[in-house]
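Me: Please take a close look at the internal cavities of this model. I would like to know what lines them and which elements contribute.

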Amino acid sequence: MDNSGRKKTCCESVRDFFSSAKFLIYMGHALSTWGDRMWNFAVAVFLVELYGNSLLLTAVYGLVVAGSVLLLGAIIGDWVDRNPRLRVAQTSLLVQNSCVIVCGILLMVVFQFKEQLVELYNGWILTACYVMVITVANIANLASTATSITIQRDWVVVVAGQDSSTLADMNATVRIIDQLTNILAPMLVGQIMAFGSHFIGCGFISGWNLCSMCLEYTLLWKVYQKTPALAVKAGQKEKEQQQELKQLSPPRDSENGQSPEESSQPLMNETSVVAKPDPPKQHGCCYQVSEPLRTLKAGWMSYYNQNIFFAGMSLAFLYMTVLGFDCITTGYAYTQGLNGSVLSLLMGASAVSGICGTVAFTWVRKKCGLIRTGFISGVAQLSCLMLCVVSVFAPGSPFDLSVSPFQDLYTHLIGENTLPEADHSLTSILTGGNATTAAPAEELPPLQSYMSVSLLFAGVIAARVGLWSFDLTVTQLIQENVIESERGVINGVQNSMNYLLDLLHFIMVILAPNPEAFGLLVIISVSFVAMGHIMYFGFAFKSLGSRLFLCCSPEQKVETVDSPSLPTTV
């Protein structure tokens, strides 16, 4: 009888989990992230294929995307804050998937009729198609940013309730989903394009987003129904809240004596105050036109005035690095004699390391508290990155200060391409060279030692544990310490800061693209990471003082940031 009772309880627990709001959020996020990763991988390949194996369109697309988020991040966040949660989630979901579907169909047309389009109006129709693809894809990315802010930075907090441990577990699970889809989704669409065609790849991605949009829409509605607290949001009009609550308030809330307002309070015991708005004032045309600029300024000022400002800045500084598995690292690896097979294994090891970092975050947070977890993660990441610094001076390193880092830049600017056979710059490797360049990486002279490149990638892979744990720490600090009415705009500005530092690292590579200067880029990157963690140390020491270095008992793990507007617990 006891065994049957245990089995019944276990089955009920499993059933409750699979029908819970948490699991539905995981499912929706997995579908959304899978589609995003497939599209982000495929669109770069499509643009390269369409423009004659050149990275020009891809570079333009990347610049447009980064610039748009940098300029509009605060405005997107403000829009998320000002509108009801369900409307924001549904609108961003529909816009994002619809734009990807339109882009997929447009690319199918271009691939099918490219020769005819080239001849129409001297190729201007084809150029217009390129502009449309980049524009619509950029709109899809902005909508994806809004979706990420509202689901990962707001809905997750409300669904977790007032349980900090539940929030940490949800954040870690979401990040593990990101890591897995980042590997598996590009593999799937890559195989489809390899064994089929780019035309079939476009059709598959469009079909996937159409089906995924319907499923995600349903999952969002179910999560909203299961979490009445999502209907209450600071800054909304009282009438809108009452209409939503009438549709979703289940009878058990009143039976338990708990109102939706009580269940929607965030982790820091923030009280949502709904005030009756004043009658709208009439403003001139110039005032309305300048409203986005005022929103942008207010968003950045609000971000600067946050008590977690230095924690957010420390995370942004980690984006100013070449020590990641992107096209920069891949290009350098090819110049050092590593082939695609080895790189794929290294990328897999990097993903496993990132997953270990998310698991380590939850364990360390329970033992040491949230703020201390960020400090420990930073020390771990910096310690691992010391291997990258050592690799600069290790045998086999191409680092040579006698070669000007700007040599390739000057050569391209003045057109002195007298030695094409010696053009082994990162720019040449990434663009595939030209008709007069010996492009294949296999034809490069063999290295005398692989110690340098081995130390480099060992440090990069090992540092992912601390990197992802630190990222989760700052994410939860922002979730817990930013008031509900500013949660969207603060996360929007944080995204803008991340993109700004990411842009700077690409500019740094453009200025010094030759492999001999890569060691200098490594040292600069580690310096920026160190500055980021120094800022976090200052934030942590200001918050905890000397207690930052002390082991705390379970009763003392609740940590918050000192703030005049929020209660502080120790």
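Reply: What follows describes the cavities and then a helix that takes part in lining one of them.

The model is a predicted one. It holds four cavities of 30 Å³ or more. The largest cavity encloses about 70 Å³ of space, and 14 residues line it. Of these, Tyr332, Val392, Ser397, Phe518 and Gly519 are the closest to its centre. By class, the lining of the largest cavity is made of nine nonpolar residues, four polar ones and one charged one. Three helices, α17 (370-393), α20 (451-481) and α22, each supply at least two residues of this lining.

Helix α22 covers residues 518-544, and Phe518 and Gly519 are among the residues closest to the centre of the largest cavity. At 1.5 Å a residue, the 27 residues of α22 should span 39 Å, and because its end C-alpha atoms are 39 Å apart, the model agrees with that expectation. Just after α22, glycine 545 takes a positive phi of about 65°.

The second largest cavity holds about 50 Å³ of space. Its lining consists of Gln152, Arg153, Val156, Asn171, Val174, Arg175, Leu472 and Thr475. Two or more of the lining residues come from each of α6 (124-160), α7 (164-195) and α20. By class, three of the residues lining the second largest cavity are nonpolar, three are polar and two are charged.

Helix α20 thus appears in both descriptions: it supplies at least two residues to the lining of the largest cavity and two or more to that of the second largest.

How values were computed. Residues are numbered from 1 along each chain as its sequence is written. This is a predicted model: local features need pLDDT of at least 70, side-chain atom pairs count only at pLDDT 80 or more; totals for chains, interfaces and linings use all residues. Side-chain values use heavy atoms; hydrogens and water are left out. Helices (H or I, at least four residues) and strands (E, at least two) are DSSP runs, numbered from the N terminus. The expected span of a helix is 1.5 Å times one less than its number of residues. On a 1 Å grid over the protein atoms alone, a cavity is a set of points where a 1.4 Å probe fits but cannot get out, and a pocket is an open set with protein on both sides within 12 Å along at least five of seven lines; lining residues have an atom within 4 Å of a point. Grid points are joined across faces, edges and corners, and a volume is the space filled by probe spheres set on the points. Ala, Val, Leu, Ile, Met, Phe, Trp, Tyr, Cys and Pro count as nonpolar, Asp, Glu, Lys and Arg as charged, and the others, Gly among them, as polar.
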